[in-house]
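Open the model in your viewer and keep the selection tool at hand. The stops below follow one another.

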Amino acid sequence: MASLIVRPLPRGLVAPPAHWARVVAMDYADAGWKASLFAAIEPYDRFAVVYSSWKERGQEISDQVGEAKKRLGPRADDPKTVWIVDKSAPLLEYLKNGAPVIPSLSGPGKKAQLISQANELLYTPRLFVVADECQPFLWEAQRFVRKPESERPGSDERKPGQVVKRDDHLCDCFLYLSGYLSQILSDERQPKAQEPKRPWPPPPLTRAERKKLYRQDDQGLDALLSDLNQGLLGSDGSW
C-alpha cells in the first residue's frame with residue numbers, strides 16, 4: 001500500500017491564478033536525478049495546489065534552477081516566492097545560480113512525520129494535485145511504499161517511516177513542500193482559543209481593591225467597576 005494517499009484533481013483543470021504565491025521544492029542528487037515540484041498558495045492561506053513537476057537525469061544545479069525559473073515565469077524574481085531544497089544539498093551552489101533557497105525540514109528520523117503531514121494536508125483537504133501536469137509525481141506516489149517487515153527475529157531491516165528509496169525524487173519534493181505548507185496553511189478544524197474571562201460574580205474584594213474603591217475621587221470606583229465588568233460584558237459590549 002502506498003504511503004502517500006494522493007487524490008488528484010480532475011483532468012483539464014487550468015493552472016492556478018498568476019497572482020497566487022508560488023513555492024518550488026527541489027530534490028538534489030550529486031550524480032543522478034534532479035527533481036522539482038511547483039505549488040501555488042491561495043491568497044488566504046487556506047489551501048495550495050501542486051500544478052507542475054519536473055524530473056531529469058544527469059542535470060546540473062544550473063539546469064534545475066533554470067528550468068524552475070522558466071516554469072515560474074515572472075514569479076521567479078518575486079521575493080514572496082519560496083524556494084525549498086533538500087537539506088543535504090549544497091545550498092551555496094543554488095544561491096550562486098540565483099535560487100534563494102531555504103533548507104527543507106527533512107532529516108534523519110523525520111520522514112515518517114513528513115509523510116503524516118503530507119497525508120493530513122491531502123485528507124483535510126488543504127493540498128491538491130493537478131493530474132495533467134503532475135503525472136510523473138503521481139506515478140511515484142503510487143509506488144512510494146514502506147519496506148516490508150523482516151521475517152528474521154531481531155532484524156533492523158525496517159524502521160518506522162522507512163520507505164523504499166527508489167524512484168522517489170518527486171515524492172521527496174512533495175514531503176519538503178508539505179513540511180513547509182503545514183506551517184503556513186490554516187486549519188479551520190482547530191477551535192480558536194477563547195480569551196479568558198473573569199468569573200462572575202467576582203470574588204470578594206481584596207484589601208488593595210477596597211483601598212482603590214474608597215479613594216477620595218470617583219476615578220477609583222469607575223476603574224474598579226470597569227475591571228469587574230470585564231467578566232460580564234461581551235467583546236461587543238453586550239450583556
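How many residues does helix H1 have, and what span should they cover at 1.5 Å a residue? Select residues 61-72 of this predicted model. Helix H1 has 12 residues, which should span 16 Å, and its end C-alpha atoms are 16 Å apart, so the two values agree.

**Helix H1**

Keep H1 selected and show its side chains. Ile61, Gln64, Val65, Glu67, Ala68 and Leu72 are buried. Looking down the axis of H1, you will find these buried residues within an arc of 160°, so they line one face of the helix. The cover over them includes strands S1, S2, S3 and S4, together with helix H2 (91-96). Step past the end of H1 to Gly73, which follows the helix and has a positive phi, near 65°.

**The sheet**

Next, select the strands. Six strands form an open sheet in the order S5-S4-S1-S2-S3-S6, and the pairing is mixed. Which strands stand at the edges? They are S5 (101-103) and S6; each has a single partner strand, so one side of each lacks a neighbour in the sheet. From one strand to the next, the twist averages 30°.

Look inside the sheet at S1 and S4, which pair in the parallel sense over 4 bridges. For a single example, pick Ala25: its bridge partner in S4 is Ile84. As background, strands of a sheet pair through backbone hydrogen bonds, either parallel or antiparallel.

**Helix H4**

Now select 135-142, which is helix H4. H4 packs on the sheet and touches S2, S3 and S6, with its direction at about 85° to that of S3. The buried residues of H4 are Phe137, Leu138, Glu140 and Ala141. Down the axis of H4, they fall within an arc of 160°, so they line one face of the helix. Those buried residues pack against S2, S3, S6 and H5.

Stay on Phe137 and show what surrounds it. Setting aside neighbours within four places in sequence, Phe137 is in contact with Val6, Leu37, Ser53, Val129, Leu170, Cys171 and Phe174.

**The cores**

Phe137 also leads to the largest nonpolar core, which has 35 residues. Phe137 is one of the residues with the most contacts inside this core, along with Leu4, Val50, Phe174 and Leu181. Elements that each supply at least two residues include strand S2 (33-41), strand S3 (48-57), helix H3 (111-123) and helix H5 (169-184). Which element gives the most to this core? H5 does, with 9 residues. Apart from this core lies another, of 22 residues; select Ala40, Tyr51, Ile61 and Val85, which are among them. In soluble globular proteins, nonpolar side chains tend to be buried together.

**Two backbone details**

Finish in the loops. Most residues other than glycine have a negative phi, and most peptide bonds are trans. Two places here depart from that pattern.

Select Thr124 and Pro125: a cis peptide bond joins them, with omega about -5°. Pro125 lies in the loop between H3 and S6.

Then go to Asp45, in the loop between S2 and S3. Asp45 is not a glycine, yet its phi is positive, about 60°. Is Asp45 partly exposed or buried? Its relative accessibility is 31%, and buried means under 20% while exposed means over 50%, so Asp45 counts as partly exposed.

How values were computed: Residues numbered from 1 in each chain as written. Predicted model: local features only at pLDDT ≥ 70, side-chain atom pairs only at ≥ 80, totals over all residues. Heavy atoms only, no water. Core = buried A, V, L, I, M, F, W, Y, C linked by side-chain atoms within 4.5 Å. Buried < 20%, exposed > 50% of the residue type's maximum accessible area, 1.4 Å probe, protein only. Contact = heavy atoms within 4.5 Å. Pairing = 2+ DSSP bridges. Axes fitted to C-alpha atoms, helices over the stretch in contact; angles between N-to-C directions. Expected span 1.5 Å × (residues − 1). Arc of directions from axis to C-beta.
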